[in-house]
Amino acid sequence: MQPSAGSQVSRVPAQRTPDEQLPPAPVTPAPQPPRRRFRTVLTVVAGVLALLSIGAAITGYVLYNRAAAPDRSAPDVVVDNYLRAFLVDRNDARADLFTCEGGADLQAVRDLRVETEQRESKFGVTVRVSWGPLTRTPSGDGESVGTTLTIAGSADGVPRSSRREDWTFSVVEDSDGWRVCGGTLG
């Protein structure tokens with residue numbers, strides 16, 4: 001529809017100003033990404049601590065196994081460890097780690113320990129057992145290890161008695177190393 005003749009409305013379409021003449025649109029700053037440096041550092045530190053902890057646990061396990069494993073590498077070594085565990089430390093569980101399973105004939109050694117314990121209680125002394133060099137001799141089913149045991153009693157640091165006994169221990173090698181299977185006096 002046409003505007004009336006006396007209308008103030010122009011027949012010329014409205015014109016826009018060119019874009020370059022418009023004032024620039026206000027620039028809204030881009031939102032800053034949250035700082036993640038702290039989170040990254042914390043993650044790296046936690047990862048390093050986890051690796052160090054795992055490494056320490058593995059190292060502890062290996063060292064413990066080496067320290068706790070009985071040394072049965074040679075006949076004289078196993079006899080020395082057995083005598084120390086059974087006669088010096090009087091630790092039956094530890095001594096059993098060095099003996100043959102089932103068929104060990106160690107009654108003479110057990111009798112010696114019972115005798116030392118009885119002397120200690122009866123006379124109020126301390127009985128110590130020590131041994132000299134361990135001599136290896138090949139035998140039919142393993143080796144024999146000979147040594148001289150010294151059984152010495154003392155009270156308040158003063159020697160009371162001492163005697164020496166020659167002992168022979170039979171030792172056999174199995175899959176775990178050498179083991180003491182017998183011990184005889186003389």
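Colleague: Leaving aside neighbours within four places in sequence, which residues is Leu 149 in contact with?
Modeller: Happy to walk you through this predicted model, where local features need pLDDT of at least 70, side-chain atom pairs count only at pLDDT 80 or more, and totals for chains, interfaces and linings use all residues. Residues are numbered from 1 along each chain as its sequence is written, and side-chain values use heavy atoms, without hydrogens or water. Contact means heavy atoms within 4.5 Å. By that rule, the partners of Leu 149 are Leu 83, Leu 87, Leu 112, Val 129, Ser 130, Trp 131, Arg 163, Arg 164, Glu 165 and Trp 167.

Colleague: Nice! And which element supplies the largest share of the largest nonpolar core?
Modeller: Such a core is a set of buried (under 20% relative accessible area, 1.4 Å probe, protein chains only) Ala, Val, Leu, Ile, Met, Phe, Trp, Tyr and Cys residues joined through side-chain atoms within 4.5 Å. This one has 25 residues, and Leu 149 is among those that touch the most other members. H2 (75–88), H4 (107–123), S1, S3, S4 and S5 (177–185) each supply at least two residues. The largest share, seven residues, comes from helix H2.

Colleague: How many bridges pair S3 with S4?
Modeller: Helices (H or I, at least four residues) and strands (E, at least two) are DSSP runs, numbered from the N terminus, and two strands pair if DSSP finds at least two bridges between them. S3 (residues 143–155) also runs antiparallel to S1, joined by six bridges. With S4 (residues 158–174), the antiparallel pairing of S3 has 13 bridges.

Colleague: Which residue in the turn of the S3–S4 hairpin has a positive phi?
Modeller: Two residues lie between these strands. The one with a phi of about 55° is Asp 156.

Methods: Buried < 20%, exposed > 50% of the residue type's maximum accessible area, 1.4 Å probe, protein only.
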